[in-house]
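Good morning, colleagues. Please take a moment with the sequence and the structure on the screen before I turn to a few of its details.

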Amino acid sequence: MPTDLRRNPLPSLVLALFLLFFALPVLWLVLAATKTDEQLVRDHPLSFGSWQALADNWAALTAFQDNVIFRWLGNSALYSFLALVITLCVAVPAGYALALTEFRGRRTLLAVTLVVMLMPSATLVVPLFLELNAVGLIGSMWSIVLPYSFYPFGVYLAYIFFSTALPRELLDAARLDGCSELGVFGRVALPLAAPVVALVGFFSFVANWTNYFLPYVLLPASDQFPVQVGLGELLNNVPQFNPTVGELAVQRPQLALATLVAITPVLLVFLFSQRFLVAGMLAGATKE
């Protein structure tokens, strides 16, 4: 009997079930944005509404609080970009130092990095609030940017790459040619680490873009919110979830459309960086 006929169908069945489990909610969300609120309740969950309903939902969403959705998107882009730049400037050199240099407290610092990486971010909100309040940054842009700029997971990814996949012979040859340690890092190690840098950047961007709890606690004004907190603001104005709303009511299809708008930047970044992400995930998988 041919091998393909004897192949166990169970793995394919499990993968198909997982695909349905994750794809159906996204498909429902896309189709919900094309309906009126009445159609969302009455029609089949996976039926298409109309292009006119989609245009009306977009018009209503952008009219909410004078185009505040664009301000939220701009805030998210600003916070995420600034935090990303600081993360790359800090996490990659820190991973290199932990992997290739010996200094007092190195193992302790690595252990602390691992512990902080494994802690849920919500557990750090109160300590961060107290620290930021002590230096007078509550309510400012930097209260969001700085805490998420120092990214322990990025440090650990860089550490794994530099300690396993970077040929030591190249570094030694650069030192013999008279390169300083900074030159070795900038001219040899960093170009070879491009896939891991892309991987750290992607995970950092996603973590910053989807950050909800910290901005919700630290930012007092609606025009400072990132888009994730803005979605919570929209949710509070849906009559089915908050019966006390008045003229500024938001319908459920408009909320679905806002959710799609909020996740689109992450999807675009993922699509344009797939090649680097795969290379970064495989980096360090084998030891040279």
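I begin with Arg-42, which has a relative accessible area of 53% and is therefore exposed, since the cut-off for that class is over 50%. Please bear in mind throughout that this is a predicted model.

With which residues does Arg-42 form salt bridges? One partner is Glu-38, whose side chain meets that of Arg-42 with a nitrogen-to-oxygen distance of 3.3 Å. Asp-43 is another, and there the closest N and O atoms are 3.0 Å apart. Glu-38, Arg-42 and Asp-43 are thus joined in a network of salt bridges. As a general matter, side chains of opposite charge can pair when their charged atoms come close.

The spacing along the chain deserves a remark. Glu-38 and Arg-42 lie 4 residues apart in helix α3, residues 37-42, so about one helical turn separates them. Glu-38, like Arg-42, is exposed. Asp-43, by contrast, has a relative accessibility of 26% and therefore counts as partly exposed.

The structure holds 6 salt bridges. Another of them pairs Arg-175 with Glu-181, at 2.9 Å from N to O. Arg-175 is classed as partly exposed because its relative accessible area is 31%. Glu-181, at 37%, is likewise partly exposed.

Let me now move to the interior. In soluble globular proteins, nonpolar side chains tend to be buried together. Here the largest nonpolar core has 37 residues, and the members touching the most others are Phe-64, Trp-72, Trp-209, Val-227 and Leu-234. Several elements give two or more residues to this core, including α2 (10-32), α5 (68-100), α12 and α14 (227-235). Which element supplies the largest share? That is α15, with 8 residues.

Trp-72 illustrates the packing. Leaving out residues up to four places away in sequence, Trp-72 touches Phe-64, Ser-222, Phe-225, Pro-226, Val-227, Gly-230, Glu-233 and Leu-234. Apart from the largest core lies another, of 25 residues, with Ala-91, Tyr-96, Leu-110 and Val-196 among them.

My last residue is Ser-204, which is found in helix α12, residues 194-209. Is Ser-204 buried or exposed? Its relative accessibility is 1%, so Ser-204 counts as buried. Beyond its neighbours within four places in sequence, Ser-204 is in contact with Ala-83, Leu-84, Thr-87 and Tyr-151.

To close, I would recall two contrasting residues: Arg-42, exposed at 53%, and Ser-204, buried at 1%. Thank you for your attention.

Methods
Residues numbered from 1 in each chain as written. Predicted model: local features only at pLDDT ≥ 70, side-chain atom pairs only at ≥ 80, totals over all residues. Heavy atoms only, no water. Buried < 20%, exposed > 50% of the residue type's maximum accessible area, 1.4 Å probe, protein only. Contact = heavy atoms within 4.5 Å. Salt bridge = Lys/Arg side-chain N within 4 Å of Asp/Glu carboxyl O. Core = buried A, V, L, I, M, F, W, Y, C linked by side-chain atoms within 4.5 Å.
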